[in-house]
Amino acid sequence: MDQPLRIVIAKPGLDGHDRGAKVVARALRDAGHEVIYTGLRRTPEQIIETVRDEDAILLGLSSLSGAHGHLFPRICETLREHNMGDVIVFGGGIIPEDDRSPLFEAGVRAIFGPGTTSEEMVEFIATAVQRDDAGVGHGAGWYWNPSA
Amino acid sequence: MMLALVMAQDGTGIHPHEGETLDDRINAAKVGDRRALARLLSSIENGELRFSDSLNESSDWSILALTGPPGVGKSCLLDRLLHEWVDNGLRIAVLAVDPSSPRSGGALLGDRVRMSVVDNEAKKNSVYVRSVATRKTSGSVPLVVRDMACCLLEVGWDKVVIETVGAGQSEVRCAAVADRIVLVEGPARGDGVQAEKAGLLELADAVIVNKSDLDGAQRHANELRESLHLGSDEAPEVLLVSALHGTGVAEASSMLLSLKQSVRAGRARWRERLLSHHERLLLEHPEFDSILSKIEEGLMSFEDAYNQLRNQNE
């Protein structure tokens, strides 16, 4: 039988709003996954240590502070440096359209904005774990085309 | 402690990285590779690998269970204790158990949020925290956690603390996985009659009443002491602490380190281990889910289903 996927949902940087992250965590729980929530204001290093110690295969980053352009690529890079290139990174929050392609370039596989359904996120996860090029180690490449 | 590695009976095996053997992974975990360790634990959790151990005969404990009702502050208290124990030079691993949803099978694992010690640059290398979901098992802690704890000890961690799911009065399953049981209580948890009731309290090797800064904590501690002293056996210690303010934590941490096993719990421990092994056997039956569906759909009688599950060779 299939084992549940282990997913870390993280709040990087100085951003105190985690309602969205908690909603996502809850939706993924209800889809049968094991979700580890980091709590607020984590540094990239703390997030990566959590992914490593918890043996998570997916990492969801939530940012509403505007610092995604700095934090998300930094986290992707640090994952690669730590030989964790098989981890699949996705993001969400308030990420303007123009900011998205640099994040995809950095290895983020999906960006979910307000209005995204939980079904879509679950579908992304099911698709991503089936692919052999979704890990952050593969750098720029395939990414999910969101509907919202 | 003597340990042996046993591959799962169905031969599913583990899936190491290219060219990586199980020994490589264990050796990597021994020299501090956290990723190798985390993966080793996942293999155990997923039933691909089994760690069997012999009894811990020494008088010091290796595996301690911290249990108690939801919201009494088990995670916060554990964080405080970890700070103290690491200061004493110990390397401690934590297996923090949270419940899986009986409907979706998913889980929200949130104990880690309370663990400030993993963010402490000076201490984080001496602490490993792993969140564990109960998955299909019943009770406050799955038996597989014992295998995970033995694995952690094998690769060099000094002690393992298991934080159970928030546990009710009769949830004594943690006796199956730990050498010592510490019950965490909070203030104002009912009157003296609650403290007289049978169950978890009878198996505790020590009781800690947390939130001593709140009204009712002292009274609850007194009631617990009174109740425990009514028995003919030696009563476990009851300590008052405030994990929030740190009051009493230093005393609790040194008391717990030298905690002796209470003689009262010996038989109950074996009973719980037998019961959880039986449950694990049923759950590991390859047809478990399909048999469950057959009962649900009325295609199989309950009795036939149970008999088939009991027979592992079918």
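In strand β5 of chain B, the residue that forms the bridge partner of Ile36(A) is Leu109(B), and in the same strand the partner of Val35(A) is Leu108(B). These pairs belong to the pairing of β5(B) with strand β2 (residues 34-37) of chain A, which is parallel and extends over three bridges; two strands are taken to pair if DSSP finds at least two bridges between them. Helices (H or I, at least four residues) and strands (E, at least two) are DSSP runs, numbered from the N terminus. The model is a predicted one, in which local features need pLDDT of at least 70 and side-chain atom pairs count only at pLDDT 80 or more, while totals for chains, interfaces and linings use all residues. Residues are numbered from 1 along each chain as its sequence is written, and chains are lettered from A and ligands numbered from 1 in the order in which they are written.

The pairing between the chains is part of an open sheet of six strands, whose order is β5(A)-β4(A)-β3(A)-β1(A)-β2(A)-β5(B) and whose pairing is parallel. At the edges stand β5 (108-112) of chain A and β5 of chain B, each with a single partner strand, so that one side of each is left without a neighbour in the sheet. On average, and with direction ignored, neighbouring strands of this sheet are turned by 20° against each other, where axes are lines fitted to C-alpha atoms, for helices over the stretch in contact, and angles run from 0 to 180 degrees between N-to-C directions. Helix α1 (residues 19-30) of chain A packs on the sheet and touches β1 (6-10), β2, β3 (58-63) and β4 (88-93) of chain A as well as β5 of chain B, its direction making about 160° with that of β2(A). Helix α4 (residues 97-106) of chain A also packs on the sheet, where it touches β4 and β5 of chain A and makes an angle of about 150° with the direction of β5(A).

Chain A contains five helices and five strands, which follow the pattern β-α-β-α-β-α-β-α-β-α along the sequence. Its radius of gyration, taken over C-alpha atoms, is 13 Å, close to the 15 Å that the globule rule (2.2 Å times the number of residues to the power 0.38) gives for 148 residues, so chain A is as compact as a globular protein of that length. Buried residues, defined as those with 20 or more other C-beta atoms within 10 Å of their own (exposed if 12 or fewer, partly exposed in between, with C-beta atoms placed from the backbone), make up 50% of the 148 residues in chain A.

Beyond the shared sheet, the association of the chains can be described by contacts, two residues being in contact if their C-beta atoms, placed from the backbone, lie within 7 Å. By this criterion, 24 residues of chain B are in contact with 23 residues of chain A. On the chain B side, the elements that give two or more residues are α2 (34-45), β5 (107-109) and β6 (127-133), and α2(B) gives the most, with six residues.

Chain B also holds an open sheet of seven strands in the order β6-β4-β7-β3-β8-β9-β10, with parallel pairing, and its edge strands are β6 and β10 (237-240), each of which pairs on one side only. Within chain B, strand β3 (residues 63-67) and strand β7 (residues 159-163) are paired in the parallel sense over four bridges, Leu66(B) having Glu163(B) as its bridge partner in β7(B). Helix α7 (residues 217-230) of chain B packs on this sheet, touching β8 (180-185), β9 (206-209) and β10, and its direction makes about 175° with that of β10(B).

Strand β9(B) is joined to β10(B) by four bridges in a parallel arrangement, and it pairs with β8(B), likewise in the parallel sense, over four bridges. Leu183(B) stands opposite Val207(B) in β9(B), whereas the bridge partner of Ile208(B) in β10(B) is Leu239(B). Ala206(B) and Ile208(B) point one way from β9(B), Val207(B) and Val209(B) point the other way, and all are buried.

In helix α8 (residues 249-257) of chain B, the buried residues are Val249(B), Ala252(B) and Leu256(B). Seen down the axis of α8(B), these residues fall within an arc of 60° (the arc of the directions from the helix axis to the C-beta atoms), so they line one face of the helix. Their cover includes α3 (74-87), β8, β9 and β10 of chain B.
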